[in-house]
Amino acid sequence: MRTQVGIVGGGPAGTLLSHLLHLRGIESVVLELRSREEVETTVRAGVLEDGTAELLRETGVGERMDREGAVHEGIELRFGGRGHRIDMTGLTGGRKIFVYGQQEVVKDLYNARLEAGGQIVFQAAATDLADLETSTPKIRFRRNAWLDVDAGAIRFRGDAEEEELTCDYVVGCDGFFGPCRAAIPDNVRTEHVRTYPFGWFGILVEGPPATEELIYALHERGFALVSTRSPEIQRLYFQCDPEDSVDNWPDEKIWEELRARLATEDGWTLEEGRIFQKNIVGMRSFICEPMQHGRLFLAGDAAHIVPPTGAKGMNLAVADVRVLARGLDEFYSTGRTGLLDSYSQTCLRRVWKASRFSWWMTSMLHRFHHEDDFRYRLQLAELDYVTSSRAASTSLAENYVGLPMEPQEEGELSAQRTGGAR
Ligand code: PHB
């Protein structure tokens, strides 16, 4: 098999890249380990930055998002028994966020790719990458694969032969646990890691929204977040021990914990409903530098992980593939590789800033139970400052709705603010 761009991973990064390339007349093949149904039904993140929503709209895959997604113009920070609204739209000159599930974005992209005759091979496992430093890199893969989650191993049905996909470029969009990152040699690759001493217990609930905007709460017992998925399905989280098990949490204990953490002086009540899914996720920050080696490029979770507190994960993946699609376009239309050569540097500037924001939100909003009261009191003071200073809330708001997708736009932004000529 031969294609121009071989993409390992059919999540938001890989599928959006394939879509953006198709719009520029560049051919790609996407290899995805899971089945289509599994990807489309796994509930993941749900917040789209303004720029992410705009890109989906501009490229013809934003129609259902605009119809079914919820536009949010602010968030609430709740602490000390009181809620404080951050008017994101007012503070950022009209920008907003969309609450629309990642798996819905992926569904829309699959439909667009498959309608356009795009190739997405589901249940295909990449087994090896070869010749990355030549002009014909290769992805070896096997079909009919499935992930045995309990054993943490990939298995194959039948006697699937190994196949080879020869490409001009290989892009690893295969997530944190995928094989692509390891293909960057150890002596070239630096990995920056921070693991947080807590996780998030997430639930999906049947019922109407408990609130119009997302609520991020800090309480003595820990963090809690009220989010949504649709008018009928709500998403809530609370800080927990990352080693805990969902089996230790019957429904009533979960509601008790959420009620306690979200309580306000004026008696706000939490809308409860039937819990139909529970899961625990660990929290870490992770950045791999560089994000490129030879003709292999990494995008999204394969290159970086942020804790979910800033809602940046999918948005970073979208920003990466936007930069990459431009670079590949430049190569195929002019033969020049300037944008591809600066891919890693361009992306990492934004990745580090989003990582800083996610780390900051995480540090401000969680209980570090093993530390003393001094830290907790500083966190409350920081929340008090952020919600009472226009400068501080503007900083939170502009990061939350999303920093400019590419650095040159930052210059444009400051020129606008100072009234300078562009
Ligand atoms: C979610 O709805 O899953 C969600 C919302 C906001 C976050 C993280 C996750 O910061």
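This report walks through the aromatic rings of the structure and the charged groups that sit over some of them. Please keep in mind that the model is predicted.

**Aromatic pairs**

A search of the whole structure turns up 17 aromatic pairs. One of them joins Phe201 and Phe238, whose rings are stacked, with 4.9 Å from centre to centre and 10° between the planes. Phe201 belongs to strand β15 (residues 190-206) and Phe238 to strand β18 (residues 233-240), so this pair ties together parts that are 37 residues apart in sequence. Is Phe201 buried or exposed? Its relative accessible area is 0%, which makes Phe201 buried. Phe238 counts as buried too, at 0% relative accessibility.

Another pair, Phe357 with Trp360, is tilted, because the ring centres are 6.0 Å apart and the planes meet at 35°, between the 30 degrees that bounds stacked pairs and the 60 that bounds edge-to-face ones. Both residues sit in helix α10 (residues 343-365), three residues apart, or about one turn of the helix. Phe357 and Trp360 are both buried.

**A cluster of rings**

Which residues form one aromatic cluster? The members are Tyr169, Phe297, Phe331, Tyr332 and Tyr343.

**Charges over rings**

Two rings have a charged side chain over them, as the table shows.

| Charged residue | Ring | Distance to ring centre |
|---|---|---|
| Lys253 | Trp249 | 4.3 Å |
| Arg367 | Tyr376 | 3.8 Å |

Lys253 lies over the face of Trp249, while for Arg367 it is the charged end that sits over the ring of Tyr376.

How values were computed
Residues are numbered from 1 along each chain as its sequence is written. This is a predicted model: local features need pLDDT of at least 70, side-chain atom pairs count only at pLDDT 80 or more; totals for chains, interfaces and linings use all residues. Side-chain values use heavy atoms; hydrogens and water are left out. Rings of Phe, Tyr and Trp (its six-membered ring) pair if their centres lie within 6.5 Å; planes under 30 degrees apart count as stacked, over 60 as edge-to-face and the rest as tilted. Helices (H or I, at least four residues) and strands (E, at least two) are DSSP runs, numbered from the N terminus. Buried means under 20% relative accessible area, exposed over 50%, partly exposed in between (1.4 Å probe, protein chains only). A charge sits over a ring if NZ of Lys or CZ of Arg is within 6 Å of the ring centre and within 35 degrees of the ring normal.
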